[in-house]
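Open the model in your viewer and keep the selection panel at hand. The stops below are meant to be taken in order.

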Amino acid sequence: MTWSRPSTSSANPMTKFFPGFPDDARVWVYAFTRPLSDADRATVVHELSAFLPSWNSHGAPVHGAFEIVEDRFVLIAGYVDGGVGGCSTDSMVRIMKQLRERGLDGFDRTLVFFRDAQQRVQSVPRPDFQEIVRAGQVDDDTPVFDTTIQFVGDVRRGGFETTFGKSWHASAFR
């Protein structure tokens, strides 16, 4: 598990995420509606650290890990021969739903996440993002976060945090 801060270099620090995991390992992104406090972070770490050792898919242990990124995102990766099954995915989702009941909502898919001019992670509803794009406050070089990625390899190749011009956001919001 890692608590990442904004990178001051142009290198992708996420290339080191999930060491030992294959690129085709599944990843789930939970984007929080607000930054995690120290207490929130401790809660997430406690719950996921307790869950991962018991995570199974069709009786086989799932190799699982998580990363907390920018105090706004939890990336959970998992792999097992034959793939992570639906029931095992459901068990992981249950943990995240328990966190939501404690005020840590990572399920709001109506938000768009991006970096502002000061490089802080911001989130706004889709219609508001459309407006700031139209107003010219977002350009092709604005960093955006793709919470729809599905594989560890996507994270390592820079697909999680990318630029507006290289992401699906450009075609959706122009």
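In this predicted model, select helix H3 together with strand S7 (111-115), strand S8 (121-125), strand S9 (143-145) and helix H5 (168-173): the buried residues of H3 pack against these four elements.

Next, restrict the selection to H3 itself, residues 126-134. Its buried residues are Phe-129, Gln-130, Ile-132 and Val-133. They lie on the same side of H3, because the arc they cover around the axis is only 165°. Turn to the face directed away from this buried side and pick Pro-127 and Arg-134, which are exposed. Then step just past the end of H3 to Gly-136, where phi is positive, at about 80°.

Move now to helix H1, residues 38-51, and select Glu-47 within that helix. Is Glu-47 buried or exposed? Its relative accessible area is 18%, and it therefore counts as buried, the cut-off being under 20%. To see what surrounds this side of the helix, show the contacts of Glu-47 while leaving out neighbours within four places in sequence: Ile-95, Gln-98, Leu-99 and Arg-102 appear.

Finally, colour the chain by pLDDT. The average is 92, and 94% of the residues score at least 70. Select residues 1-10, where pLDDT stays under 50. The model has 20 contacts beyond four places in sequence for this stretch. Where pLDDT is low, the predicted coordinates should not be read in detail.

Conventions
Residues numbered from 1 in each chain as written. Predicted model: local features only at pLDDT ≥ 70, side-chain atom pairs only at ≥ 80, totals over all residues. Heavy atoms only, no water. pLDDT = per-residue confidence, 0-100. Contact = heavy atoms within 4.5 Å. Helix = DSSP H or I, 4+ residues; strand = E, 2+ residues; numbered from the N terminus. Buried < 20%, exposed > 50% of the residue type's maximum accessible area, 1.4 Å probe, protein only. Arc of directions from axis to C-beta.
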